[in-house]
Amino acid sequence: AAALASALLPWWYSVRRLFDARTAWLSTTILALLPLYWIEALRLSGYSFALFFLFLGFALFLALRPHSRILAVTAFGACFGAVLGSRDAFIAILPWFVCAYVWGERRRLLRAGAEACVFLSVAYVIFTLPLLSNVMHTQGSFPERTAILLPTLSRATPTPGHLYPDDYTYEFERAAFDER
């Protein structure tokens, strides 16, 4: 709930930068009152943190772009890497972000392509950082306590249990559920 409530702040800032204060308040109120937003506030599925980092990326991009385009792209890439690390379902919008950015900057196509590569590289590095704990832990380079502090993807990796409504059905009622 705190992550989704915090996500409304960069959302408001982003809409305010693109439009005006009235539109920002109206869109923030509508977003906060959406039933899907309330449902996600009560679940620990990763979408709440993904939305926080997505909206933070928008806000950082809009705030930094007038000063430094490459810094804005890098900051948004880091935030989008955290989005993918929180919930990998957002990978579906990655090509659309890149295509929209390159299209918007098509007058400087080579520069836009280079900036898109920076964005993708930073997002990839941030997304794969949790794997570092698995690699270093299995090779014995990290102390055992340090590996516990770093998140791993093993808990978020899709399993056959994602095809069932809950873990109980997957564990105990799988055959009956499959028959239905």
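1. Contact here means heavy atoms within 4.5 Å. With that in hand, start with the chain as a whole: among contacts between residues at least 6 apart in sequence, 54% join residues at least 24 apart. Keep in mind while reading that this is a predicted model.

2. Now the overall make-up. The protein has ten helices and zero strands, so if you go looking for a sheet you can stop, given that strands are DSSP runs of at least two residues. Written from the N terminus on, the order of elements is simply α-α-α-α-α-α-α-α-α-α. The protein has 180 residues, and 31% of them count as buried.

3. A good place to begin looking is the pair at the start of the numbering, α1 (residues 2–18) and α2 (residues 21–33). Their axes come within 8 Å and cross at roughly 145°, and the crossing of α1 past α2 is right-handed. On the α1 side, the residues that meet α2 are L8, W11, W12, V15 and R16. On the α2 side they are A21, T23, A24, W25, S27, T28, L31 and A32. Sorted by type, the residues of this contact come out as nine nonpolar, three polar and one charged.

4. Two more residues are worth a click in those helices. T29 lies in α2 and is partly exposed, with a relative accessible area of 40%. Its C-alpha is 9.5 Å from that of W12, and the two residues are 17 apart in sequence. S6 sits in α1 and is also partly exposed, at 31% relative accessibility. From S6 to F49 the C-alpha distance is 9.5 Å, with their positions 43 residues apart in sequence.

5. What about the nonpolar interior? The largest nonpolar core has 24 residues, and those with the most contacts inside it are Y37, F55, F61, F80, F90 and F119. Several helices feed this core: α1, α4 (47–64), α5 (69–86), α6 and α7 (109–139) each supply at least two of its residues.

6. Take F119 from that list and look around it. Setting aside residues up to four places away in sequence, F119 touches V73, F76, G77, F80, L94 and V98. One of these, F80, is also among the core residues with the most contacts.

7. Two of the partners of F119, L94 and V98, lead us to α6 (residues 94–104), where L94, V98 and Y101 are buried. Seen down the axis of α6, the buried residues fall within an arc of 70°, so they line one face of the helix. Turn to the other side of α6 and you find W96, W103 and G104, which are exposed.

8. Is R69, a residue of α5, buried or exposed? R69 counts as buried because its relative accessible area is 15%, and the cut-off for buried is under 20%. Leaving out neighbours within four places in sequence, the contacts of R69 are Y101, E105, R108, R111 and E115. Y101 is one of the buried residues of α6. Between the C-alpha atoms of R69 and A112 there are 10.0 Å, though the two residues are 43 apart along the chain.

9. Last stop, the loop between α5 and α6, where R87 is found. R87 counts as partly exposed, with 26% relative accessibility. Which residues does R87 touch, not counting those up to four places away in sequence? They are S45, G46, Y47 and A50. With G46, the C-alpha to C-alpha distance is 5.4 Å, while the two residues are 41 apart in sequence.

Terms used:
Residues are numbered from 1 along each chain as its sequence is written. This is a predicted model: local features need pLDDT of at least 70, side-chain atom pairs count only at pLDDT 80 or more; totals for chains, interfaces and linings use all residues. Side-chain values use heavy atoms; hydrogens and water are left out. Axes are lines fitted to C-alpha atoms, for helices over the stretch in contact, and angles run from 0 to 180 degrees between N-to-C directions. Helices (H or I, at least four residues) and strands (E, at least two) are DSSP runs, numbered from the N terminus. A crossing is left-handed if the near helix is turned anticlockwise from the far one by less than a right angle, and right-handed if clockwise. Ala, Val, Leu, Ile, Met, Phe, Trp, Tyr, Cys and Pro count as nonpolar, Asp, Glu, Lys and Arg as charged, and the others, Gly among them, as polar. Buried means under 20% relative accessible area, exposed over 50%, partly exposed in between (1.4 Å probe, protein chains only). The arc is that of the directions from the helix axis to the C-beta atoms. A nonpolar core is a set of buried Ala, Val, Leu, Ile, Met, Phe, Trp, Tyr and Cys residues joined through side-chain atoms within 4.5 Å.
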